[in-house]
Structure formats: structure tokens, C-alpha cells
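Visitor: I would like to go through this structure and hear the reasoning behind each label. Please show it to me.

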Amino acid sequence: MYNIIKAQTYQTVRQNRTYYIILGGVGFMFLQLLFMAADGGVTEMSGSYFAFSAGGALPIFPCFVCLLMTVGICGGDLGDRTMNYEILSGSKRTEVFFGRVVLSVFWSFLGYLLMLSLPAAAVGLISGWGKLMTVRGFMSRLFLQLIPLFRYICIIAALTFLTLDTMAPTVIGFVIVLAEAAGSMVISEFSADSTLLSCLLTVYQGICFYDISNVGIEYIGGEDVMVVKEMLDKSTVLISSAASLGVSAAVLMAGCLIFKDKDLK
Amino acid sequence: MEELIKITGLCKQYMSREVLKDVSFSLKKDMILGLVGPNGAGKTTVMKTLGGLIMPTSGTVELFGESSPKGLAHSRSRMCFMIETPYAKQNMSARENLEKLRLQKGIPDKSRIDRALELAGLTDTGKKPVKDFSLGMKQRLGLAGALLSQPEIMILDEPINGLDPEGIVEIRELLLKLNREEHITLMISSHILSEMALMCTDYVFIRKGRVIENISAEDLKRRSHEYFLIRADKNDMVPAVLQNKLGITDIEVDKDGSVRVFKGFSDIRLISKTLFDNGIVPLELHLNDADLEKYYMDLVGENGEEGGDNV
């Protein structure tokens, strides 16, 4: 598997597509924040405010970056039969499968981290970090969101290997994100006790991490300021992590087992 | 001779469609085996099954004596395949493509890239991306990739497909050199039978997913029809003269009027003199020996009653 990862890394860093996806994601986030600022909805010009706004308001778009990256790595070279030649040269199918999943996770996470942290860091450098959320609080949310994203990446990777296509998993992945966004709205509206269901939705988990229930008022520097709790609720973290990792493992196992016996064109 | 590949009773079925039916043959060391058959006969399916891209419905494949999934995967690292299209990333140069393959195959020695480029005649391509290569250069890059791991067996699907005559000669000479000097055993499929005849030591004829003949080149030569080809100014008179004056009955007239005289008659001077004495001027008169194309057409004709070619 190590050889597959090395070869795929060599290929991925030489593909323009990789950089277009990352730059597109970061650029899109910058634009969104600019629109927010232009809209007059910004109450505080600070890095922490933008970090909190971006994380809470836009959990859908990081999913799209992961979707494009994963489909690109797992299925982008089906046309030139790279995967076929990996098997023909003696690599086991499990190595081909997991090698690409590992790489998809790495590049998707990189894209996501840059997408969310660069705009906040840029505003923070210009206007200061602010008091809404500590850097530690932001980092913990940023990295916790990797767990539900990992599950989403696994689902897309498995779909790409099952369909051996790029269009179908892209469309399905897109629909999943939109359906999750709609489901999240419903859950939020009725606020029913749907902990397990919410933990299965990547988008909703993203919203949970930046939920208003995590925000309180503190007296800092002689004034009352709105602050985001530094530590997240333990049960939120544990349930979402367990649900994400459980689903990821099940999806990867199923995907790999089916791919092992699949005929390649 | 040592058996490197052994296929026994291989069958492949898609829904109700049988693509391979009880295919059995073996590849021995130092052979150049030609897999011959019409489009859709199942040649590529056999190669893909050997490569692990297609799972057989039944039957067994043994590579270097190994038949377990783990053993097969390991054995494939001692082989190289070029199936349908040669491997190449279009945006990368020849060297970059080989470097990627080197990493993929876990070959520590970087100097193998130079050797493979040299063997394939691609040393002067520099940073030119593969998308700007000619078809022949792409095929040679595929072969360079195949040579990178110093394989013991090469499985090549239509390696001369689409090449110009010069390219065909280059690839043929390279393959013969690899077989003779590097002792690489080859399995080749091609539609260009004249080229196969120049290279192969053995043939497997396949049609509608079934092996219809497995024969060595020597046996094929013995069993092929040797014949005199005669073209004369009065072609239409030739069969009658040969029958009446020399008692030759095994005669065939081609579409262009030329005459083929088969078996049992080896005196070319007597044919020439008899034709001349009867007012016929022979314009062309020569002995055609082992003709793979004719043999193949006869074989396919004998087995061709079942319907179309596509399986």
C-alpha cells in the first residue's frame, strides 16, 4: 500500500486539478466572507468572528471540496487505466483501495483546513483575533469536524470504487450534502431528540460544533462580550465521533469487499 | 520446458453471455505465444483474467505455479502487461511516467529508468508531455514501463496496433531482442498475422471464447498448405492446361484470376515449360510456404458455422 500511496502522491502533486480544488475552496470562502461584510451582517471585524461565522454558516462547502478531491483521487485516472496497471503490476486490490482512500483523506483534509483557516487567519492578521472564540476553541472545532468529514470521504470513496465512474459519485455526493443540509434545517426547526440521526449527518455535525448553544456572555476587559465556549460538550464529541468512525469502518469494509471481486474495464 | 503460465478450464460468463468457454493452454519459458482470433473472440478477456482485472466464473489460472490470490498477486509483480492502451499519464513526460511506475512497483534502483528509456529509444524526449507523443512513441513508452521491473513474462495486447510500418518493424525487433537476449517470455495478441508469423514460436487460435487450436509454429508450417502461385497472361487457361497436361487436380483460382497449385507437385520448371508450350506466358511463378493467414482463415472457416464473431 505504501508504494501505491507514494506513486499516487507523485501523480497528485503534478495535477493542476488538485490545486484548482484547494484554491477554489479557499477563494470561495474569502468571497463568502466578503459578501457577509458587504451585507452589513458583520458585527465585529476580527479573526475569531470570521472563524466562527465561516465554520457555522458554511459547513456545506467543505464537503464539496472533499467530494471533488476524493472523486478525483479515487476515480480521476480511470480513463487512463492507472488503477488497472496498479493491479497488473502485482498490487493487491485492498492496497489499491486503501491507498487511494488514505490519499483522499489527506488531500481533502488539507483542502478543508486551508479553506477554513486561511480566511480567518488573514482577517486576524489585519484586524486582530478578537474575543468571540479563542484560537484553541477554533482549532478544536476545526479538527473535530475532520471526523464527520472522514465519514463523508469514506462514503464517496466507496461509491467511486463501486461505480468505477466519476460522474455518478459526484452527483450522489452532491445530493447527499444537499439532503443533509435540508435534514439539518428540519432537525434544528423541530429540535426533537435526534442525537443519533444528527450524528449521522456530516453537515449537521458541522453546525453543532458552532451552535448557538455553545455561545455565552462573559465579562472581559470591563465589558460584556459574546464568547464561544472553549470546550465542546463531551457527549456531542463522543457520540459524533463514534457514529462517524463506525459508519466509516462499515462503508470502507463493504466497499473494499465488493471492489475485490469487481471486474475492471 | 518450464511452464510459467497454466490456464485450465477457464470460463467467464456475464449474465447469460459466455465470453470464455473452457479455455486451457500454457505458456512455457522462452516462448513467444501468439493469441490469434477475430475481434470479440476473447483474447483480451484471457489477458485481463491473467492480470487479475477480471474474475473468472470457473477454472484456474496458475502463474509461476501459484494459484492462490496472494500468490497470483505476487507472481504478477514478475510479469508485465500492456492491455488495450499502454499506461501513460498524458500531462507527464516519459521520464516522469516511468518514475511514477518505479514508485508504484517499489523498484529502488532509479537507473532502471535510463535503461528502459534507452531500450525503448525514448532517451531524447526530454520534458515533452506524453500527449504530444506519436502513437508509436506511446507504445514504446508502454514497453519501457513494462521493462522497468525486468519482467520474466510480457503480456502484450495488440502491441503494434495503429503503428506505421517503420514502427511495426521497430517494435518487432525490440520484442525479438527481449526474447532472445533478455530471455523474456512473451504472449502477444495481434490482428496483423504476417507480423505474428515473423515472431511467434507457438499459437493459440481462439474464437467465440473457445480455443480452437493450440499449435507450435513448426507444426503450423508443416500443416500449412504449400503452394505454387501462378499468374499468367491467360490466367483462365492455366487450370485446364495443368489438369490435362500434368494431371494436377488440387488447384484453386483466386479472385484476381491467379492460380494456386497445392501439394505433391514440386517441379516449378516443368510447370513453367508446360504453360509456355501451350501458349501461356507465366508472369509470376513462385512457391508460397507456411502462410499463417491462409491457415487461420481455413481454421476460422471450419469453425465459423456458429454465427457472428462478437462474443
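Guide: A residue counts as buried when its relative accessible area is under 20%. By that cut-off, 49% of the 265 residues of chain A are buried. The model is a predicted one.

Visitor: What makes both faces of strand 5 of chain B count as covered?

Guide: Buried requires under 20% relative accessible area. On one side of strand 5 (residues 79-82), B:Met79 and B:Phe81 are buried, and on the other side B:Cys80 and B:Met82 are buried. Residues on each side meet the cut-off, so both faces are called covered.

Visitor: Why are strand 5 and strand 6 of chain B said to pair?

Guide: Pairing needs at least two bridges between the strands. Strand 5 and strand 6 (residues 153-157) of chain B have 4 bridges, in the parallel sense, so they count as a pair. In one of these bridges, B:Cys80 has B:Met154 of strand 6 as its partner.

Visitor: How is the packing of helix 4 and helix 8 of chain A described?

Guide: Two packed helices are described by the angle and the distance between their axes. For helix 4 (residues 60-75) and helix 8 (residues 146-163) of chain A, the angle is about 35 degrees and the axes lie 9 Å apart. Their crossing is right-handed.

Visitor: Which classes of residue make up the contact of helix 4 with helix 8 in chain A?

Guide: This contact has 11 nonpolar, 3 polar and no charged residues. Among the residues that meet are A:Cys63, A:Leu67 and A:Gly75 in helix 4 and A:Tyr152 and A:Phe161 in helix 8. Gly counts as polar, so A:Gly75 falls in the polar class.

Conventions
Residues numbered from 1 in each chain as written. Chains lettered and ligands numbered in written order. Predicted model: local features only at pLDDT ≥ 70, side-chain atom pairs only at ≥ 80, totals over all residues. Heavy atoms only, no water. Buried < 20%, exposed > 50% of the residue type's maximum accessible area, 1.4 Å probe, protein only. Helix = DSSP H or I, 4+ residues; strand = E, 2+ residues; numbered from the N terminus. Axes fitted to C-alpha atoms, helices over the stretch in contact; angles between N-to-C directions. Left-handed = near helix turned anticlockwise from the far one by under 90°. Contact = heavy atoms within 4.5 Å.
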